[in-house]
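Please open the structure in a viewer and keep the sequence panel visible. The tour proceeds from the whole chain to individual side chains and then to the backbone.

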Amino acid sequence: SGRTSQAPAPLDFFCIFPVREFTEDTMANVNLASVVLRNALRTKVGTRQAHDLVAEKIGKREVVGHGWNGMPVYADRVDYPMPAIRFKEPTRDVLALREKEKGDWKKLSVQEKKALYRASFCQTFAEMKYPTGEWKACIGAALIVTSMSLTGMLLLKAFVYEPIPETFDEEHQKAQLKRMLDLNINPIHGVSSKWDYDNNKWK
């Protein structure tokens, strides 16, 4: 006899789809977990690499603040006198002084205070504000460029440019002006408006 299709029993019908939904949800959760794990590992590796680069750049110098741009760099600036790192790497003497400075500062000598300052900073405010004489170099460079320009202009005038046309001399300029007045050029606002044709003189 031929096969006859039978509808699944109510219990079987309700058991099929929950298993399918559970499988899809489980796979989705597994995929999501793997993505999160990969991102976490990538972030951890990236952070470690960045930390290694920073350590290679600054050495053993201590990071003591945010700095003016958040980067572990040192620079003496009057407008932001708080660099992100110390100027020097710690030595035994400096570490001993830092332990000593935790106590009474009156017990520190002037030389010890200066040594502590120089370990963290390169210059004082007086040194940063002291004139550097940079303006002398700027003026010197400007004078050198100006002299080179004048020398080049004289050389071009002597060996490259042709002589000025004869129409630029005073005699030809007067003749050209007389010709313009005879032709009554620009009689309203131009040169002819300033000439008295009745008396042959300038107004």
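Begin with the whole chain coloured by accessibility: of its 203 residues, 11% count as buried. The model is a predicted one. A surface representation of the chain exposes about 17500 Å², of which carbon and sulfur atoms supply 62%.

Next, switch to a cartoon. The chain contains 6 helices and 2 strands, and from the N terminus on the elements follow the order α-α-α-α-α-α-β-β. If contacts are displayed for residues at least 6 apart in sequence, 32% of them join residues at least 24 apart.

**Aromatic rings**

Select the aromatic side chains; the structure holds 3 aromatic pairs. One of them is formed by W195 and W202, with ring centres 4.9 Å apart. Is this pair stacked or edge-to-face? The planes of W195 and W202 meet at 85°, and an angle over 60 degrees counts as edge-to-face, so the pair belongs to that class.

Colour these two residues by accessibility. W195 has a relative accessibility of 17% and counts as buried, because the limit for that class is under 20%. Its partner W202, at 43%, counts as partly exposed.

Now move to W68 and display R77 with it. R77 lies over the face of W68, at 4.9 Å from the ring centre.

**Cysteines**

Select C122 and C138 next. C122 is partly exposed, with 29% relative accessibility, and C138 is likewise partly exposed, at 48%. How many disulfides does the model contain? The count is 0, the criterion being a pair of cysteine sulfur atoms within 2.5 Å.

**The loop between α6 and β1**

Finally, centre the view on the loop that runs between α6 (170–182) and β1 (195–196), and select N184 within it. What is the sign of phi at N184? The angle is near 55°, a positive value in a residue other than glycine. Most residues other than glycine have a negative phi. N184 has a relative accessible area of 37%, so this residue is partly exposed.

Extend the selection to N186, which is found in the loop between α6 and β1 as well. Phi of N186 is near 50°, again positive in a residue other than glycine. With a relative accessibility of 49%, N186 counts as partly exposed, since the exposed class requires a value over 50%.

Technical notes
Residues numbered from 1 in each chain as written. Predicted model: local features only at pLDDT ≥ 70, side-chain atom pairs only at ≥ 80, totals over all residues. Heavy atoms only, no water. Helix = DSSP H or I, 4+ residues; strand = E, 2+ residues; numbered from the N terminus. Buried < 20%, exposed > 50% of the residue type's maximum accessible area, 1.4 Å probe, protein only. Contact = heavy atoms within 4.5 Å. Areas by Shrake-Rupley, 256 points an atom, 1.4 Å probe, with all protein chains shown as cover. Phe/Tyr/Trp six-rings, centres within 6.5 Å; stacked < 30°, edge-to-face > 60°. Lys NZ or Arg CZ within 6 Å of the ring centre and 35° of its normal.
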